[in-house]
Amino acid sequence: YPCIEMCGLFDKTIAKPVHGKECTIRTKDGRLLTVAKNVDELTDNHGRVFGGIESFEDITERKKTEVALIKAKEAAEIANKAKSEFLATMSHEIRTPMNGVIGMTELALTTNLTSSQRDYLQSIQTSAYLLLDTINDILDFSKIEAGRLEIEHVEFDLAEVVERSVEILTVKAFEKKIELLCEIEPGLPG
């Protein structure tokens with residue numbers, strides 16, 4: 001009998017017809033194939049079984065592809081987890097020196113400075129805070145992937161956010177001899 005698993009006509013414990021049951025068969029040359037097996041009994045007018053039909057569809061390549069896809073999916077999940085862990089680690093590693101830049105800038109702003117020096121340091125401070133926000137956003141992405149992101153409601157000043165955004169772009173605008181201004185409608189809620 002070519003089917004290694006007894007699941008065909010001669011197995012009385014399996015209801016007929018059987019459609020697409022996966023089995024392993026051994027070919028005449030000894031190779032093993034995975035097949036989708038269909039089985040049905042032939043009965044006479046009195047319901048007595050006098051024979052049957054078994055058919056096999058070779059699904060060996062499909063099964064190999066399914067196994068390869070499962071392995072690829074597992075590898076992708078491992079790589080994705082490693083990427084998330086890397087992002088979280090790097091974000092923490094970058095955040096530490098960034099806090100140093102912010103702290104030192106704040107200390108420098110408490111000293112006697114010229115107007116230009118104060119403007120430069122305030123630009124450094126604004127850029128550092130924005131970079132820190134970007135780092136925190138990266139951490140948030142890794143939290144989203146891990147299913148651990150908690151949404152919070154935070155009040156903010158719209159004018160301050162717009163001004164900080166424009167301030168970041170002023171250096172590039174200055175390099176290109178462009179004057180950058182922002183205007184907020186007076187009646188717009190803060």
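In sorting pocket linings by class, Asp, Glu, Lys and Arg count as charged, Ala, Val, Leu, Ile, Met, Phe, Trp, Tyr, Cys and Pro as nonpolar, and the others, Gly among them, as polar. With that scheme in hand, the lining of the largest pocket divides into ten charged, ten nonpolar and four polar residues. The model examined here is a predicted one.

The largest pocket has a volume of about 650 Å³. Its lining comprises 24 residues, of which Asp-133, Asn-136, Asp-137, Asp-140 and Glu-152 lie closest to the centre. Two or more lining residues come from each of helix 1, helix 2 and helix 3 (158-175). Helix 2 makes the largest contribution, with ten residues.

Next comes the second largest pocket, which holds about 200 Å³ of space. Asp-119, Tyr-120, Gln-122, Ser-123, Glu-167, Thr-170 and Val-171 form its lining. By class, these are two nonpolar, three polar and two charged residues. Helix 2 and helix 3 each provide at least two of them, and the largest share, four residues, belongs to helix 2.

Helix 1 deserves a look of its own. Spanning residues 60-109, helix 1 contains 50 residues and reaches 72 Å from its first C-alpha to its last. That reach is close to the 74 Å expected at 1.5 Å a residue. Buried positions in helix 1 are Thr-60, Ser-84, Ser-91, Met-98, Ile-102, Thr-105 and Leu-109. The cover over these buried residues includes strand 2 (32-43), strand 3 (49-58) and helix 2 (115-146). Helix 2 thus appears both in this cover and in the lining of the largest pocket.

How values were computed: Residues are numbered from 1 along each chain as its sequence is written. This is a predicted model: local features need pLDDT of at least 70, side-chain atom pairs count only at pLDDT 80 or more; totals for chains, interfaces and linings use all residues. Side-chain values use heavy atoms; hydrogens and water are left out. The expected span of a helix is 1.5 Å times one less than its number of residues. Buried means under 20% relative accessible area, exposed over 50%, partly exposed in between (1.4 Å probe, protein chains only). Contact means heavy atoms within 4.5 Å. On a 1 Å grid over the protein atoms alone, a cavity is a set of points where a 1.4 Å probe fits but cannot get out, and a pocket is an open set with protein on both sides within 12 Å along at least five of seven lines; lining residues have an atom within 4 Å of a point. Grid points are joined across faces, edges and corners, and a volume is the space filled by probe spheres set on the points.
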